[in-house]
Amino acid sequence: MNQDRILITGASGQLGTVLTKKLQEKYGVINVIASDLRLDSNFKGIFETLDATDFDAIQEIVSKYKITQIYHLAAILSANGEKYPLNTWDINMKTFFNVLEISRLNAINRVFFPSSIAVFGDNIDRIDTAQYSNLTPSTVYGMSKVTGENWSKYYFEKYGLDIRSIRYPGVIGYQSLPGGGTTDYAVDIFIKAIKNENYECFLNSSTTLPMIYMDDVIRATIELMEAPKEAITVRTSYNLAGMSFDPAQLTKAIQKIYPDFKVSYNPDFRQKIADSWPMSIDDSYARKDWNWKPKFDIDAMTRDMVKNLKIKFSDKSMSC
Ligand code: VAH
């Protein structure tokens, strides 16, 4: 059978909802199996309720649908992950090892594992952080991603499992509400602007972080997964850059559309996490190996976010 059949874990999440649609367009709705703990009410396609900590449950789905590719998106993100550290480690690692082993045992021909700029911590150049930098993350989420990167490389070298990964910057999109990330101010702020409300930012105004627009994230993910195997020289995870900005710069970009929009600043525990991350990323390996190039800058992203959020709010389907 030459038709790829794709399983996505965490398909109801911020990234999963968008990636699932894109993969359905590419491979056909009947060849994409979305899975998560809970079904997103707007979802259309094949959905399986799945707790990815359950090895047998994943195996059952892989056998039932003769899965050939797995996108493993299920994980607890940085900020939420700090509330119950040991639980975050258990969930993020158990689900990851389940996917690794099932992929090995079922000869899955390609696996995607999202890493994050959260793998970086102390003792790095925070400007243009290099692909091969010190990895001493300050969050359990970041530690789980570093561990995942090393196990990915191990399974590639020991078993030949073609698992590929990207260190996502902060992902910004209008399609669904974010879930517990430190960079999520950059989504919340747009929802307040659309509602003509002021926004209280949980990071200070000068906190520069690497960010990327959802359209670029999806394109990068698919471009990496479609790259010829021999082009992939990084088997931990690729640095990826979209743009870098701080809350004050994002506020200015929004004020070009909403001149009266106001933001106040009240940093919380997420400030310390953000201060441990890079301010900008060197993604030269992604550019060299599989021709990565971002398309969205802060103004193009802002225009697209506002345009689409206005549509979502006008049809009143978005519960915010
Ligand atoms: C988070 N949005 O904030 C995620 C991402 C780089 C940040 O990993 O946890």
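Glu48 is buried, with a relative accessible area of 16%, and its side chain meets that of Lys64 in a salt bridge of 2.7 Å, N to O. Lys64, by contrast, counts as exposed at 52% relative accessibility. Please keep in mind that this is a predicted model. The points below walk through its salt bridges, its aromatic residues, and two of its helices.

**Salt bridges**

- Side chains of opposite charge can pair when their charged atoms come close.
- In this model the count comes to 17 salt bridges.
- The bridge between Lys64 and Glu48 links distant parts of the chain, with Lys64 in helix H2 (residues 55–65) and Glu48 in strand S3 (residues 46–49), 16 residues apart.
- Another salt bridge joins the side chains of Arg219 and Glu223, at 3.2 Å from N to O.
- Arg219 and Glu223 are four residues apart in helix H7 (residues 214–226), so about one helical turn separates them.
- Glu223 is partly exposed, with a relative accessible area of 26%.
- Asp283 pairs with Arg287 in a salt bridge whose closest N and O atoms are 2.6 Å apart.
- Within that pair, Asp283 counts as buried at 5% relative accessibility, while Arg287 counts as partly exposed at 36%.

**Arg110 and its surroundings**

- You will find Arg110 in strand S5.
- A network of salt bridges links Arg110 with Asp162, Arg164 and Arg235.
- Leaving out residues up to four places away in sequence, Arg110 touches Thr68, Gln69, Ile70, Asp162, Arg164, Met225, Glu226 and Ala227.
- Asp162 and Arg164 therefore appear both among the contacts of Arg110 and in its salt-bridge network.
- Lys66 is 44 residues from Arg110 in sequence, and their C-alpha atoms are 13 Å apart in space.

**Aromatic residues**

- There are 15 aromatic pairs in the model.
- One of these pairs is Tyr132 with Tyr285, which is edge-to-face, with 5.4 Å from centre to centre and 85 degrees between the planes.
- Tyr132 lies in the loop between strand S5 (110–116) and H5, and Tyr285 lies in helix H10 (residues 284–290), so their pairing ties together parts that are 153 residues apart in sequence.
- Tyr132 is exposed, at 52% relative accessible area, whereas Tyr285 is partly exposed, at 29%.
- One aromatic cluster is formed by Phe96, Phe97, Phe113, Trp151, Tyr154, Tyr155 and Tyr159.
- Charged side chains also sit over rings: the charged end of Arg235 is over the ring of Phe156, 3.9 Å from its centre.
- Similarly, Arg270 lies over the face of Phe202, at 3.5 Å from the ring centre.
- Arg235 is also part of the salt-bridge network that includes Arg110.

**A nonpolar patch on the surface**

- Phe97, Trp151, Tyr154 and Tyr159 make a nonpolar surface patch of about 360 Å².
- Helix H5 (residues 140–159) supplies the largest share of this patch, with three residues.
- Tyr154 lies in helix H5 and counts as partly exposed, at 38% relative accessibility.
- The four patch residues, Phe97, Trp151, Tyr154 and Tyr159, are also members of the aromatic cluster described above.

**Helix H6, a largely enclosed element**

- Eight of the 10 residues of helix H6 (residues 185–194) are buried, so the helix is largely enclosed by the rest of the structure.
- The buried residues are Tyr185, Ala186, Val187, Ile189, Phe190, Ile191, Ala193 and Ile194.
- Just after H6 comes Asn196, which takes a positive phi of about 55 degrees.

**Thr221 in helix H7**

- Helix H7 holds the Arg219 and Glu223 pair, and Thr221 lies in this helix too.
- Thr221 counts as buried, because its relative accessibility is 0% and buried means under 20%.
- Setting aside neighbours within four places in sequence, Thr221 is in contact with Leu19, Tyr71, Phe112, Ile166 and Tyr168.

Notes
Residues are numbered from 1 along each chain as its sequence is written. This is a predicted model: local features need pLDDT of at least 70, side-chain atom pairs count only at pLDDT 80 or more; totals for chains, interfaces and linings use all residues. Side-chain values use heavy atoms; hydrogens and water are left out. Patches are made of residues with over 30% relative accessible area and no salt bridge: like charges are joined within 9 Å, nonpolar side chains (Val, Leu, Ile, Met, Phe, Trp, Tyr) within 5 Å. Accessible areas come from the Shrake-Rupley method with a 1.4 Å probe; for residues, only the protein chains shown count as cover. Helices (H or I, at least four residues) and strands (E, at least two) are DSSP runs, numbered from the N terminus. Buried means under 20% relative accessible area, exposed over 50%, partly exposed in between (1.4 Å probe, protein chains only). Rings of Phe, Tyr and Trp (its six-membered ring) pair if their centres lie within 6.5 Å; planes under 30 degrees apart count as stacked, over 60 as edge-to-face and the rest as tilted. A charge sits over a ring if NZ of Lys or CZ of Arg is within 6 Å of the ring centre and within 35 degrees of the ring normal. Contact means heavy atoms within 4.5 Å.
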